[in-house]
Every structure is written in structure tokens, then in C-alpha cells.
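Trainee: I'm new to this one, so could you walk me through the labels people put on it?
Mentor: Sure, have a look first.

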Amino acid sequence: QLIELGDESLGIKVQLLAKGAAIFGIQTPDSQGLWSDLAAGPESVEGFLANEACFGATCGRFANRISGGQFSLDGVLHQLECNCGPNSLHGGGAPFHQRIWELLDVQEVDGISVAATFALNSADGEGGYPGNLRATATYRVGPNELSVRYSAKTDAATVVNLTNHVYWNLSGDHNEAVNGHELQLASTRYHAIDPNHLICAQPSSVVGTVFDFSKGAYLSQGLDDESGELVELMGYDHAFLIEGRGPRLGAKLGHRGSGRSVEIWTDQPAIHLYTGGYISEAPAGKGGSVLKGFCGVALESENLPDAPNQPDFPSAILRPGETYQHEIRWRFDCHFDGFHQG
């Protein structure tokens, strides 16, 4: 069952699913007033249900990778399923994006559904994670804006890192690769990755590299470089450290042809850029498109990958009596004509 939020008067329409507390679709107008779906993914709900690529879904209990599928917490070693080579990815054997979340509430204003809250109980030991965890996800629309607020509580020390994994394609034609999208990141440092896509502990400067999006650049600067390091890595799959703290503008993605842009506001340490190089799903994509590599780009607001094993990273530990909170805001516009340097 689809939960629909917003309408044309708000400049945005959104469809949600309880499976994975996921975004199924987001429609906004382009510069000509034509509405299209910006969220790449399967055309049908039935095709969406497998969702191995995490289209639009909530990822957890720990989004992204944990090295060796294990971490030590308060002197106890916890072993997770290694579902991505030698590492655990997006919750390993108990991924939140494959669970049916409970729909708690839908809020209306003036007859328009504007918010929906989902909840999930994750049992102690599920997927190898300690503690009984209660997580919620509240999606809300406003004029030209969508947000999600995550929260979680536990009865025993655990690790938590939740994010949304929507794949953006602002063109309106999901057969068009995202190479022609332009990206700006509030970041001058990123973390390189090893051949298994595990993060390296020390950050590197983006200056003079294909990872420099600080002033705005096409994704093609790295994706079209056939001699560069991104070839073997199948594109970008990297965490960028976002400057500042608290809620702030972390990224802006734009597409000149449609005029569409989306700002990503984050309160987390990093945004993980993944250009979908490994996407290969059988269901038909939206608008008759073919779901394949680089059909969408994910910009995941989150803590750093492998934080439970890296003492110098921001802590991912959640203890009883504490509340994990994370809010992502997406703000949309239809007048994008590139990033202009003053």
C-alpha cells in the first residue's frame, strides 16, 4: 500500500511504502512545469519489494559498511553477517530496508496528507547486534520540501547509523545516466576506499582530484575518466566529511536540462556519494527505463562507515536512556542553470 503525501499546491508529491520505511516516488515540476519522478527505482510496487539495491529505503541498524562484520563494544565482540565481501553492509543479515515497518500515523492539514510515521522493533541479537532497538521514521512535506526524522532507543548498548538511500535522477528520463548531473558538496576532505569499498581511516584532501565538488562539478569528471581509479571501483562510493556541525547544507545536486535541483541538509558528519555502479535489477524501471549502473545517484546523510571500529570517528554508540536522532531535509527547485563562481 502506498502512502501519498503532498500535492501540486505544495510543489511536491511523495509516495511511501512500509516495506523499508521507503520513498517509492518523488514528483516535482521541471522548469517548464512538467512533473516527473526524481527517485530512480522499479516501476511497480511489486518490483520494489525485493529491493536489493535499497531504492529509497531506510538502511540500518548500521547503514554502510562495518569491517570484518564485527565490532567490540564494552569489551564484548559482536559478529555480524558479512554480506558484502569481507564486510557487513547496511545491517548485514538483518537489514532494516527489508523489514515491514509499522505505519503509526498519517497527519493531514487542510485535507492534504503531509506527514507519516513508521516504527520498527529490532530484537536483541538480530543480525548480531546487541540490544532491543525501537526505531521511528517520520516523513514530512512542506512547500517544495521533504524531510525525514529518524529516532531510536535501546535497552542495551548498541551501534546505530540510519539513513535514507534514495537514488536521484533529476532529468525525468531514468534511461539517462547521472553523469550529466552537477554536484556541489560542502566538503574539502573525503575518505578513500580499498578494493572492497571499505573506508580508509585517514581522510584525504579533494584538491586537484576527481573528488573535488567543493565549487560544483559534473559527476562525469570522475565517471567518464576511463584511466582513473573509479573504473575498478565502478564509480563513486565514497564518504565526504561535511564542514560544520548541526543542521547545515551538505550538498546540492542539479540538472541543467530539466532545471531541477535538490539540496540535501544534514546534521550528520558525512554524506556518502554512491553513483550506483552496481545497480542491476530485473524489474522494469520507472517510465519504461532499464535499471542499470549509474541510473541514479545516492547522497546518503550519515555517520562515517566503520565508525564502530574507528576510535577517531564520531561515535555510533547508543546507550540506554539516550535517543538517537537524525534529520535529513531535501529542498527542491526548478531554476537550476549550473554552479556559477563569483
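Here is our chat about a sheet, a cavity and a histidine.

Mentor: This is a predicted model, where local features need pLDDT of at least 70, side-chain atom pairs count only at pLDDT 80 or more, and totals for chains, interfaces and linings use all residues. Residues are numbered from 1 along each chain as its sequence is written, and side-chain values use heavy atoms, leaving out hydrogens and water.

Trainee: What makes β1 and β2 paired strands?
Mentor: Strands are DSSP runs of E, at least two residues long, numbered from the N terminus. Pairing takes at least two bridges found by DSSP; β1 and β2 (residues 12-17) have 5 and run antiparallel, so they count as a pair. In that pair, D7 sits opposite I12 of β2.

Trainee: Why are β1 and β4 said to stand at the edges?
Mentor: The open sheet has 4 strands in the order β1-β2-β3-β4, with antiparallel pairing. β1 (3-7) and β4 (35-37) each have a single partner strand, so one side of each lacks a neighbour in the sheet.

Trainee: Why is H191 called buried?
Mentor: Buried means under 20% relative accessible area with a 1.4 Å probe, protein chains only. H191 has 1% relative accessibility, so the label fits. H191 belongs to strand β18 (residues 189-191).

Trainee: What makes H191 and C200 a polar contact?
Mentor: The cut-off is a pair of N or O atoms within 3.5 Å, one able to donate a hydrogen and the other to accept it. A polar side-chain atom of H191 lies 2.7 Å from the backbone oxygen of C200, so the distance is within that limit.

Technical notes: Buried means under 20% relative accessible area, exposed over 50%, partly exposed in between (1.4 Å probe, protein chains only).
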